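I opened this model to look up a few local features and to keep a record of what I found. The entries below follow the order in which I went through them.

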Amino acid sequence: MIMEAPFTKAEALLAQAFGQDAGFRDGQWEAIQPILSPGTRELVVQRTGWGKSLVYFLATKLLRDAGGGPTLLVSPLLSLMRNQTELASRFGVNAVAINSTNREDWDSIAHELESDRLDLLLVSPERLSNPDFKGNLLPWLEQKTRLLVIDEAHCISDWGHDFRPDYRRILETVNRLNPNASILATTATANDRVIADIQSQLGEDLKVQRGPLMRDSLRLRAQILPDQAERLAWLAQFIPKLEGSGIVYTLTVHDAKRVAEWLQGQGIVAVAYFASAPTELRIEMESKFQRNEIKVLVATTALGMGYDKSDVAFVIHYQRPSSVISYYQQIGRAGRALNRAEVVLLEGSEDDEVNEYFIDSAFPGAEVFEEIQAVLGQRLPTIDAVTARTNRRRSQVEKALKLLEVDGAIDHDKEGYQWRDPAWTYSRLRSEEISKQRRQELDQMRDFAATRECRMLFLANALDDVADQPCGRCDNCCNLRHPVASRELVLQAIEFLGRARQAIISPAFFPPGFADAERKRKIPEEDRHRPGVALSIYNDGAWGKLVRQGKYEADSFSQDLLTPSVQAISQLETQPDWLTWVPSMRTRAVEKFALELARALGIPAIPALIKTHENEPQKSMQNATHQLDNVWNSFEVAPGQTLDGVCLLVDDIVDSGWTLAALGMKLKKAGAKDVIPFALATARPRGDS
């Protein structure tokens, strides 16, 4: 039974949380009211900063005070969970999370919940597939919960910019809910297509509340700066002129670290934030950022959906995101409680390559599923074991297995993976159609960067908003000139990038299926090469561009690479006695550079390796097992060579590292005291969070 005056009670709770002058924004009470009635299903699509979390926390408090069961909130990110539990407490809602950071508390949380002492439980969608949670606590919640909240509900949809297969498991819970439970789905980033998809999954009786997406506080601008040095210089020159604190978004973890390091060197308080950083460190960074002790949080998408800092004064994109929808979601971090916030997109030359990689990884093609189906006629124990049987990246195999599992095509238990549904077809996943849509979104984001029309209106139209008037605030509306960084700073950035050498570390284990059938085996210490160095990152500013030109345009490497190569090698802990190179049947570019390098170092160059036959390009090998297999039988130590001392093994580009690892083993077995790898560049890192 709902209390007699829920609106009056809600106003009192609002005042308790935010002060006596606090009031509902347009649509907030209208979003709360329906879900106070049993069995209601509602989707709320409102812009970032509107206050969607206020809706479900107030609804939870009202329902709990009326004797209802706890709320189950499915939330996608740990940073978002921490944000949400803090906000819930302001409304008197006792909220806790079960996630990977608090394993020691799980039993006590379950006991508190079943004793009716908790108002709200936050879980990730992945938790819904955990055998213990699924078998023990989830059935109790499905019967007792009064409100199920699906935050960032666009993740349910194939067409949502951040589709996550585990979100589909929520639908199993939806189908098992007690009849009194209401469902509230919320998102800021759903166009017509996504809304229709969510409605088809949550039911035709789903009520949709949709508000305007235009943000009056945001000042949008875009500037195309293909060269990384120019972008770094731009950040260093103009961030100090911006008031308050803000976020710089990068596409990869590597770029987040590098941009933060550059800004720190320029006297700007900046830190890199990404998903694989230690939990304690991320919590510390979030806390300092909230207190404005950090000027710039350089972040991947790990700092994304729902993260709330009301006074973020600027959001800058170091690279172009994959879609307008994703971009809108990220810039929504800015200007929530400010009259003005600066939003700048800096477009770079590497953006398309990185985004294409993410598209390929997120939605594997038919050939990936066909290979997996062929090998899962027998049960395989791990993802690595499945990967070893295919020529696919581990990330592709992992995503494909997740999609197949959620779709019911395979069995996955403690014994491993096995195909279950002989009638399953690839068409059920719509992967090709979705990937095509993602590439159209990528084109649309390019159009946004290049448009001369109102940028906010462009975003609104892309999101199927009803807005029809220019914002009057963006660079195009105001005919703003693009600021240019000083030549001095650009040169400093080039020098910084030129010093960005990359360590080459020997793998510690053979890949699955290479040494033993289905398990990794440790590579003996005496067979591993020493830590080596790569001069640059392929196609980056400074030396990386020269490496690309030499490999694919000139068929020889520039003399300008010699001096920095000698400097990088001279800083190694152990110095080489002689040098050899990775031979090729297609080109002598590496050999010619190695001979020049040997002369510059003053050491002998010995043709110690021969290629026994033409193999597939190493870059076409998609996982470690195939990469090592492709190299192992294609090279041998040249007969008649007497090898001793420390060898410098030279190559042009190192990616997985298996070519250098395999040839290092062969050289050491042939007598070399030690092997130190050197490469002109590493392949560009493409990690996403």
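**Entry 1: a loop aspartate**

I began with Asp-311 and, setting aside residues up to four places away in sequence, I found that it touches Ser-245, Asn-292 and Leu-338. I note here that the model is a predicted one. One of these contacts I looked up in detail: the side chains of Asp-311 and Asn-292 are joined by a polar contact of 3.1 Å. I placed Asp-311 in the loop that runs between strand 11 (296–299) and strand 12 (314–317). Is Asp-311 buried or exposed? I recorded a relative accessible area of 27% for Asp-311, and because buried means under 20% and exposed means over 50%, Asp-311 counts as partly exposed. I also looked up its distance to Gly-335, and the two residues, 24 apart in sequence, lie 6.0 Å apart in space from C-alpha to C-alpha.

**Entry 2: a loop histidine**

Next I turned to His-529, which I located in the loop between strand 16 (502–504) and strand 17. Its relative accessible area came out at 6%, so I entered His-529 as buried, the cut-off for that word being under 20%. Which residues is His-529 in contact with, once its neighbours within four places in sequence are left aside? I listed Ile-504, Ile-505, Ser-506, Leu-660, Ala-661, Val-675 and Pro-677.

**Entry 3: helix 20**

I then went along helix 20, which spans residues 543–554, and noted that Gly-544, Val-547 and Gly-550 are buried there. When I viewed the helix down its axis, the buried residues of helix 20 fell within an arc of 125°, so they line one face of the helix. What do these buried residues pack against? I found strand 17 (532–537), strand 21 (646–654) and strand 22 (674–682) as their partners. Just after helix 20 comes Asp-555, for which I wrote down a positive phi of about 60°.

**Entry 4: cavities**

Last, I looked for enclosed space and found that the structure holds 2 cavities of 30 Å³ or more. The largest cavity contains about 70 Å³ of space. It is lined by 12 residues, and I noted Gln-228, Ser-349, Glu-350, Asn-539 and Asp-540 as the closest to its centre. How many residues of each class make up the lining of the largest cavity? I entered 6 charged, 4 polar and 2 nonpolar residues for that lining.

Key: Residues are numbered from 1 along each chain as its sequence is written. This is a predicted model: local features need pLDDT of at least 70, side-chain atom pairs count only at pLDDT 80 or more; totals for chains, interfaces and linings use all residues. Side-chain values use heavy atoms; hydrogens and water are left out. On a 1 Å grid over the protein atoms alone, a cavity is a set of points where a 1.4 Å probe fits but cannot get out, and a pocket is an open set with protein on both sides within 12 Å along at least five of seven lines; lining residues have an atom within 4 Å of a point. Grid points are joined across faces, edges and corners, and a volume is the space filled by probe spheres set on the points. Ala, Val, Leu, Ile, Met, Phe, Trp, Tyr, Cys and Pro count as nonpolar, Asp, Glu, Lys and Arg as charged, and the others, Gly among them, as polar. Buried means under 20% relative accessible area, exposed over 50%, partly exposed in between (1.4 Å probe, protein chains only). Helices (H or I, at least four residues) and strands (E, at least two) are DSSP runs, numbered from the N terminus. The arc is that of the directions from the helix axis to the C-beta atoms. Contact means heavy atoms within 4.5 Å. A polar contact is a pair of N or O atoms within 3.5 Å; within protein, one must be able to donate a hydrogen and the other to accept it, and residues adjacent in sequence count only if both atoms are side-chain atoms.
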